[in-house]
Amino acid sequence: MPVPQFDYIAPKRVDEAVAALVEGGKETRVMAGGTDLLVKIRHRMLFPKRIVSLKQIEGLDAITFDKNTGLTIGATALLADVAAHRSIRRYYPTVADAAQSTANVQVRNMGTVVGNLCNASPSADNAPTLMAMGATVNITGPTGSHRMALDQFFQGPGITALKTGEIVTSICVPLPPAGSGTAYYSLSQRGKLDCSAVGVGTMVTLKGNRCMDVRLIVGACAPVPMRTLGAEKMLIGKKMTDTLIRKTAQAASKETSPITDVRASAPYRWKIVAVLTIRALADARKMALGKR
Ligand SMILES: Cc1cc2nc3c(=O)[nH]c(=O)nc-3n(C[C@H](O)[C@H](O)[C@H](O)COP(=O)(O)OP(=O)(O)OC[C@H]3O[C@@H](n4cnc5c(N)ncnc54)[C@H](O)[C@@H]3O)c2cc1C
């Protein structure tokens with residue numbers, strides 16, 4: 001079956017991309033790597049009249065790191081480049097791991113981290129880690145530019161806070177505080193090749209073995225990647241023992257509201273959230289204590 005027809009525009013500047021989006025209105029879609037978008041068009045789930053590609057915009061693929069300002073990942077930076085980036089591997093190893101655990105080598109060499117977030121799949125592999133690390137999204141649109149916490153960005157399956165004509169130009173990730181550790185664990189039917197049935201990302205900050213701060217995010221078990229605030233509260237100010245980690249993991253699982261679908265049943269997901277949360281918290285603790 002032939003692919004539905006659309007106009008293809010590849011502007012050289014962000015303002016031109018915004019203008020093309022505004023002119024095209026609701027029938028227009030932004031494209032980064034196209035690994036999600038073109039599959040949906042081919043499967044006739046979407047029928048855009050116009051596609052605005054970001055690939056020709058100079059500098060939008062930049063990955064920059066500074067110890068004061070943190071990490072910035074441009075909208076067209078590839079998953080593969082994020083996974084392999086030297087500073088990311090050194091200062092944000094879990095961001096690199098999450099990018100590396102997304103899809104297969106072909107998709108990672110076409111698809112982007114920002115596209116993974118803008119796709120707003122509840123199972124997006126890069127969302128839990130970036131949310132746990134307090135990432136923000138830089139947005140440019142017809143009324144100018146603004147920044148938004150990634151927590152606020154996801155509104156539902158396939159729905160973001162972006163308004164008509166807006167694009168994400170980059171995401172920023174602050175440098176993790178001293179004494180912190182991060183981890184991401186996911187599970188899917190075909191290893192890392194397909195979308196996750198469950199993903200758990202966390203960042204903990206310890207003083208000695210006492211938990212001073214924690215963010216715990218579960219993917220694919222609610223309409224958006226969700227922060228399990230009740231479970232987090234159980235850890236704050238306490239010694240991070242194995243027993244407390246296990247109890248916290250059970251609490252995190254109870255907070256989620258998974259569905260049964262092609263990837264896993266709801267009861268299985270509940271169990272796996274607890275298992276992956278134990279592993280993620282234990283690993284993050286290890287990193288925070290300098291043992292990983
Ligand atoms: C075989 C296969 C396996 C996959 N496995 C996984 C997996 O294991 N884990 C996983 O999380 N995902 C997986 N995916 C989904 C997909 O590949 C990723 O989500 C990828 O990161 C999307 O990036 P992209 O640049 O190709 O996005 P695109 O397809 O270009 O865009 C995706 C969506 O985001 C919008 N968008 C993109 N960039 C912007 C922007 N800068 N501003 C505003 N809107 C924007 C587009 O309009 C579109 O709606 C898989 C896909 C395939 C085909």
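On the face of helix α1 that is turned away from its buried side, the exposed residues Asp 15 and Glu 23 are found. This description rests on a predicted model, and it begins with this helix before moving to the surroundings of the ligand.

Helix α1 spans residues 14-24, and its buried residues are Ala 17, Val 18, Ala 20, Leu 21 and Gly 24. Looking down the axis of α1, one finds these buried residues within an arc of 160°, so they line one face of the helix. Several strands take part in covering the buried residues of α1, and those included in this cover are listed in the table.

| Strand in the cover of α1 | Residues |
|---|---|
| β1 | 7-9 |
| β2 | 28-31 |
| β3 | 50-53 |
| β6 | 136-141 |
| β10 | 167-173 |

Just after α1 ends, Gly 25 adopts a positive phi of about 65°.

Turning to the ligand, which residues come nearest among the 31 around it? They are Gly 33, Ala 103, Gly 111, Gly 115 and Asn 116. Two or more residues of this shell are given by each of the elements β2, α2 (37-42), α7 (113-118) and β10, and α7 supplies the largest share, which is four residues. Strands β2 and β10 therefore appear both in the cover of the buried residues of α1 and among the elements that contribute to the shell around the ligand.

Sorted by class, the shell around the ligand holds 18 nonpolar, nine polar and four charged residues. At least three of the shell residues come from each of two domains, domain 1 (7-53) and domain 2 (63-173).

Definitions and conventions:
Residues numbered from 1 in each chain as written. Predicted model: local features only at pLDDT ≥ 70, side-chain atom pairs only at ≥ 80, totals over all residues. Buried ≥ 20, exposed ≤ 12 C-beta atoms within 10 Å, placed from the backbone. Arc of directions from axis to C-beta. Contact = placed C-beta atoms within 7 Å. Near = placed C-beta within 6 Å. Nonpolar A, V, L, I, M, F, W, Y, C, P; charged D, E, K, R; others polar. Domains from an automatic or database assignment.
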